[in-house]
Amino acid sequence: MNRRYRVIVIGAGPTGLALALALGMAGVDVLVLEAEPGLTRDLRAGSYHPPTIEMLAGLGVAERMHDAGIVVPVWQVRDRVDGVIAEFDLSLLRDETPYPYRLHLEQHRLTPMLLDRLTATSSVTVRFGAEVTAVEQDAERVTVAVGDERLHADWLVGCDGARSVARRSQTIPFEGFTWPERLLVASTTYDLGRHGFADAGYIADPDDWAAVFRVPDDGPPGLWRIAYPTDHAVPEAEVLADDAIQPRLAKILEHVDTGVERYTLKYRRTYRVHQRVAETFRRGRVVLAGDAAHLNNPLGGFGLNGGIHDAVNLAEKLVRIVGGGDARLLDLYDRQRRPITVAFIQAMSIRNKRMIEQRDPAVRRRHQSELRATAADPAKARAYLMDSSMLSSVRDAAAVT
């Protein structure tokens, strides 16, 4: 007779591993299924907001993250031509959180830390190379197909990304849209900090906007990642060519006299950007979290963080359910996380993108003036940082009953 697990988690990314670890620390019997042969190397996400660091501290990995990561107390908004528009200092939130800063650490450096903690948790099993091809449920259990195997659980959580098998198996609509451009991320060894760049920032321009931030890579001094839009109609090989990237970086950074003719690049890659939210985060015994539940553009660093917020919120409810609590707690998870995702993560990331790519000069000047005024006023800056740091969204979600 096949073993029946309390919870099956599909996906061993940050969301799935954080969820499994939170459940395992409470003694819940969990099976994690990952289609890839090992942990993946994702070069996109890598910025953690204060409430996310708090949650990861509760999972026992924050100390290792700080040892390997970069503490970023200040971030900037710049104009491509005029330079710094506004600078925001997260130390204004020091009485709201023990971590009044962003922490930069590549996603692929966090996942091994979570997995290491999981290996010491006897109630969690992680299987790599285990592709889930089907999910079915009835009133009593969930059944997943992995090759010829049929695995059973009381509950299943899909943390399996944009093409989620869990979400599709339940025919849950994934509402939203895909942005027309394709983002390119170029990672250079050149130190932009010597020119006054904060370790996190955004460059506004109608055509050559960019997100710029420093990540640890293999150690000091780290790498500077520059993410900018490219034409999706142009073949990927062309936009990834050095002769395409170098002049683009020169244009994006033309207000900075770097004196560099060619930037040394260590990594380069492209990806499409989506704004989508699942119609519901729960259908019966199947629950969604992370990218399986919501996708957004990277301006603000909300995607990875929102997934971990999902995981910690959901784990608390599943622990209670496994202990005899009411399964309707999963409806509360949906009420707490989905509206916040729509009202905050989606709305703010869309607003951020439209602001930095604004074409109308008058609107652009107004936005910049508003940002300067906000940054110059400690009370306004504090309120702005409560939202952009995601502290407000986590607290607002927790207040929903």
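R109 is found in helix α4, which spans residues 107-119, and in this predicted model the residue is partly exposed, because its relative accessible area is 21%, a value that does not fall under the 20% set for a buried residue. Computed along the chain in residues, R109 and A68 are 41 apart in sequence, while their C-alpha atoms lie 8.5 Å apart in space.

Leaving aside residues up to four places away in sequence, R109 touches D217 and D218. The two contacts can be described separately, since they involve the backbone in one case and a side chain in the other. For D217, the backbone oxygen lies 2.8 Å from a polar atom of the R109 side chain, whereas for D218 there is a polar contact between its side chain and the side chain of R109, at 3.4 Å.The aromatic rings offer a second way through the structure. A pair of aromatic rings is described by the distance of the centres and the angle of the planes. With centres required to lie within 6.5 Å, the count comes to 9 aromatic pairs. One of them joins Y99 and Y101, whose ring centres are 6.2 Å apart and whose planes stand at 80 degrees, so the pair is edge-to-face. Y99 counts as buried because its relative accessibility is 18%, and Y101, at 13% relative accessibility, counts as buried as well.

Another edge-to-face pair is formed by Y190 and Y263, and it is classed so because the planes meet at 85 degrees, with the ring centres 5.6 Å apart. This pair links distant parts of the chain, the two residues being 73 residues apart. Y190 belongs to the loop between β12 (174-188) and β13 (200-204), while Y263 belongs to the loop between α7 (242-252) and β16 (265-278). Both Y190 and Y263 are buried. The ring of Y190 also has a charged neighbour, for R194 lies over its face at 4.9 Å from the ring centre.

A comparable arrangement of arginine and ring is found at W155, where R285 lies over the face of the ring, 4.7 Å from its centre. Elsewhere among the aromatic residues, ring pairs link W75, F88, Y202 and Y384 into a cluster.

Conventions:
Residues are numbered from 1 along each chain as its sequence is written. This is a predicted model: local features need pLDDT of at least 70, side-chain atom pairs count only at pLDDT 80 or more; totals for chains, interfaces and linings use all residues. Side-chain values use heavy atoms; hydrogens and water are left out. Rings of Phe, Tyr and Trp (its six-membered ring) pair if their centres lie within 6.5 Å; planes under 30 degrees apart count as stacked, over 60 as edge-to-face and the rest as tilted. Buried means under 20% relative accessible area, exposed over 50%, partly exposed in between (1.4 Å probe, protein chains only). Helices (H or I, at least four residues) and strands (E, at least two) are DSSP runs, numbered from the N terminus. A charge sits over a ring if NZ of Lys or CZ of Arg is within 6 Å of the ring centre and within 35 degrees of the ring normal. Contact means heavy atoms within 4.5 Å. A polar contact is a pair of N or O atoms within 3.5 Å; within protein, one must be able to donate a hydrogen and the other to accept it, and residues adjacent in sequence count only if both atoms are side-chain atoms.
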